[in-house]
Amino acid sequence: MTTLHKAMSFVGVAAAAVSMAFAATSAPDQVDQKELVGKKAPDFTLVDVEGKEHNLKAYTEEGKVVVLEWFNPKCPYVVKHYERFTTMNDLAKKYKDRGVVWLAVNSATEGDSTGGVEVNQAAREEWKINHPVLLDTDGKVGRSYGATNTPNMYVISAEGIVQYAGAIDSDSSARNEGETNYVAQALDAVLAGETVETAYAKPYGCSVKYGRN
Amino acid sequence: MVGFRALVLMGILVIAAAVSRSSAQQGTEIARPRMIAESTAIVPGEINWIAVTWDIKKGWHTYWPGQNSTNFTQVFEITGPEGFEIGKAIWPGPKRHEPTEGLLDHVYEKQATVIVPIKAPSDLPVGSKVTFLANLEYLVCDALCIPGFAELTLELPVARERTPSRDSALIKQARERAPKPWPKGETPMRARWEGDSVRFDVPGATKLAFMPGAKSVVPEELIAEGEVEGERLVVRFEPKPGRATGLLAVTRKDVQYPEYFVVDLQRPDSK
């Protein structure tokens with residue numbers, strides 16, 4: 001053992017703490033999103049920032065595939081995909097042409113600086129978002145999906161089954177876009193009637209700003 | 001060895017790059033990083049300690065690189081001249097933080113100092129200078145989250161003897177409070193697998209908390225059951241991992257700061 005190694009042992013360098021990888025912590029009071037994959041998506045009705053009502057079941061009964069994107073306009077990982085890159089808008093537009101409904105959902109409370117109509121409508125305008133941003137101010141829908149982060153993505157088939165849950169892509173930094181976009185992969189598979197190869201990937205981003213119940 | 005002039009040039013370029021990105025660096029104003037050394041000089045052939053320390057504004061926090069609900073890639077890279085052995089970074093023990101009900105992070109408030117041991121080559125010329133670089137990417141949050149990007153340089157002379165720097169006490173304290181290896185031999189502390197659970201027994205403890213490492217499976221009910229008042233803590237894993245890794249924070253009566261111990265416990269029935 002070198003002197004350096006001895007010094008490192010002395011202070012316990014073997015700590016797992018030095019690793020740079022991260023993973024999501026499951027929360028006891030809400031659904032584990034990994035376990036939701038393959039199951040019926042919880043139905044919900046929410047109102048978007050323009051006052052329009054959206055019901056999941058109504059979309060799937062029309063034969064639509066639905067993407068849910070947990071949203072927070074002030075989270076740098078959301079900003080990454082709307083400002084630094086245009087991942088969300090590009091995907092929403094691309095798959096809209098194939099009949100996919102893309103819904104952003106913000107589960108922050110009304111009193112949070114990232115919640116409510118004003119800040120979310122401003123983000124829609126600034127980032128030229130054409131898909132609706134739904135407000136889930138009591139967090140019930142977010143918790144029913146086990147959404148932990150922003151962004152946190154779900155792909156729901158026309159049969160109403162959760163086919164994918166987790167990260168938007170494979171790069172959890174605030175600056176780079178991942179080489180693999182899991183949502184695009186899942187949508188391609190679902191639309192082709194094939195099995196989704198990666199049905200869950202740990203979500204990354206800020207924690208969802210739920211209110212305390 | 002990379003030439004000194006080349007390193008200085010690299011440093012200038014790094015600083016220039018950092019300045020050019022200033023508009024995107026708000027995180028560095030809230031959690032301000034500094035690169036520091038324990039001594040005023042590097043001594044050839046010896047272990048020298050350097051560190052990055054963050055001064056964090058009140059109400060904000062940065063993150064331990066273990067399991068957190070707030071999930072992102074953190075960058076902490078230290079590089080130095082050729083011939084130096086750069087040891088692994090040692091992160092201080094964090095604090096449990098529930099940003100909201102049902103979520104759990106492990107964070108640092110006020111100040112965090114990450115120390116790094118470096119061994120200097122024995123043939124390093126006395127009187128020369130060496131430069132170390134730190135590449136940092138981190139997140140600082142209160143209700144909002146802001147990323148911090150920083151590239152720092154630290155230039156030190158090479159000398160035969162060391163004298164404490166003005167930051168030496170900070171590094172010494174960080175080393176003393178760093179997570180310790182799990183005690184071996186005669187010790188009343190116990191950590192063992194019992195079925196799908198790990199049981200910790202620490203006589204004299206007033207509070208115990210398990211903090212799963214980055215590669216660990218997260219125990220069931222970590223928020224509700226990952227911290228207890230008392231001498232015994234049981235954390236249950238589902239699915240059962242081959243090993244449990246992370247930190248155990250041990251608080252004792254009349255001691256201001258918890259002690260942290262490294263947990264790396266192989267399950268007996270796993271290969």
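Which residue stands opposite Val105(A) in strand 4 of chain A? I began with this pairing, working throughout on a predicted model, and I found that Trp70(A) is the residue opposite Val105(A).

**Entry 1: strand 4 of chain A and its partners**

I next looked up how the two strands run, and strand 3 (residues 65-70) of chain A pairs with strand 4 of chain A in the parallel sense, over six bridges. Turning to strand 5 (residues 133-135) of chain A, I found that it is joined to strand 4 of chain A by three bridges and that these two strands also run parallel. Here the bridge partner of Val105(A) is Leu134(A), and I note that Val105(A) is thus matched with Trp70(A) as well as with Leu134(A).

I then checked burial along strand 4 (residues 100-106) of chain A: seven of its seven residues are buried, so the strand is largely enclosed by the rest of the structure. Both faces are covered, with Val100(A), Trp102(A), Ala104(A) and Asn106(A) buried on one side and Val101(A), Leu103(A) and Val105(A) buried on the other.

**Entry 2: the sheet around it**

Stepping back to the whole sheet, I recorded an open arrangement of eight strands in chain A, in the order 2-1-5-4-3-7-8-9, with mixed pairing. Its edges are strand 2 (53-55) and strand 9 (200-201) of chain A, each of which has a single partner strand, so one side of each is left without a neighbour in the sheet. At the strand 9 edge I looked up the pairing with strand 8 (residues 162-166) of chain A, which is parallel and rests on two bridges; Ala165(A) has Tyr200(A) as its bridge partner there. Helix 8 (residues 182-191) of chain A packs on this sheet, where it touches strand 3, strand 4, strand 7 (153-156), strand 8 and strand 9 of chain A, and its direction makes about 175° with that of strand 8 of chain A.

**Entry 3: a helix that meets chain B**

In helix 4 (residues 76-84) of chain A, I listed Pro76(A), Tyr77(A), Val78(A), Lys80(A), His81(A) and Tyr82(A) as buried. What do the buried residues of this helix pack against? Within chain A they pack against helix 5 (87-96), strand 6 (149-150) and strand 10 (206-207), and they also pack against strand 10 (145-157) of chain B.

**Entry 4: Glu110(A)**

I located Glu110(A) in the loop between strand 4 and helix 6 (117-126) of chain A. Is Glu110(A) buried or exposed? It has 11 C-beta neighbours inside 10 Å and therefore counts as exposed. Leaving aside residues up to four places away in sequence, Glu110(A) touches Gly115(A), Gly116(A) and Thr137(A). I also noted that Glu110(A) and Gly211(A), 101 residues apart in sequence, have their C-alpha atoms 8.9 Å apart in space.

**Entry 5: chain B as a whole**

For chain B I counted four helices and 17 strands. Its radius of gyration is 21 Å, close to the 18 Å that the globule rule gives for 271 residues, so chain B is as compact as a globular protein of that length. The C-alpha trace of chain B spans about 60 × 45 × 40 Å along its principal axes, and 42% of the 271 residues are buried. Of the contacts in chain B between residues at least 6 apart in sequence, 74% join residues at least 24 apart.

The domain assignment divides chain B into domain 1 (4-177) and domain 2 (190-266), and the centres of these two domains, taken over C-alpha atoms, are separated by 28 Å. Their contact takes 10 residues from domain 1 of chain B and 16 residues from domain 2 of chain B; on the domain 1 side I sorted the residues into three nonpolar, four polar and three charged.

**Entry 6: backbone checks**

I finished with the backbone, keeping in mind that most residues other than glycine have a negative phi, and most peptide bonds are trans. The bond from Thr150(A) to Pro151(A) is cis, with omega near -5°, and Pro151(A) lies in the loop between strand 6 and strand 7 of chain A. In chain B, a cis peptide bond joins Glu238(B) and Pro239(B), with omega about 5°. Lys110(B) has a positive phi, near 65°, in the loop between strand 7 (105-109) and strand 8 (111-119) of chain B.

Definitions and conventions
Residues are numbered from 1 along each chain as its sequence is written. Chains are lettered from A and ligands numbered from 1 in the order in which they are written. This is a predicted model: local features need pLDDT of at least 70, side-chain atom pairs count only at pLDDT 80 or more; totals for chains, interfaces and linings use all residues. Domain bounds come from an automatic or database domain assignment. Two residues are in contact if their C-beta atoms, placed from the backbone, lie within 7 Å. Ala, Val, Leu, Ile, Met, Phe, Trp, Tyr, Cys and Pro count as nonpolar, Asp, Glu, Lys and Arg as charged, and the others, Gly among them, as polar. The radius of gyration is taken over C-alpha atoms; the globule rule is 2.2 Å times the number of residues to the power 0.38. A residue is buried if 20 or more other C-beta atoms lie within 10 Å of its own, exposed if 12 or fewer, and partly exposed in between; C-beta atoms are placed from the backbone. Two strands pair if DSSP finds at least two bridges between them. Axes are lines fitted to C-alpha atoms, for helices over the stretch in contact, and angles run from 0 to 180 degrees between N-to-C directions.
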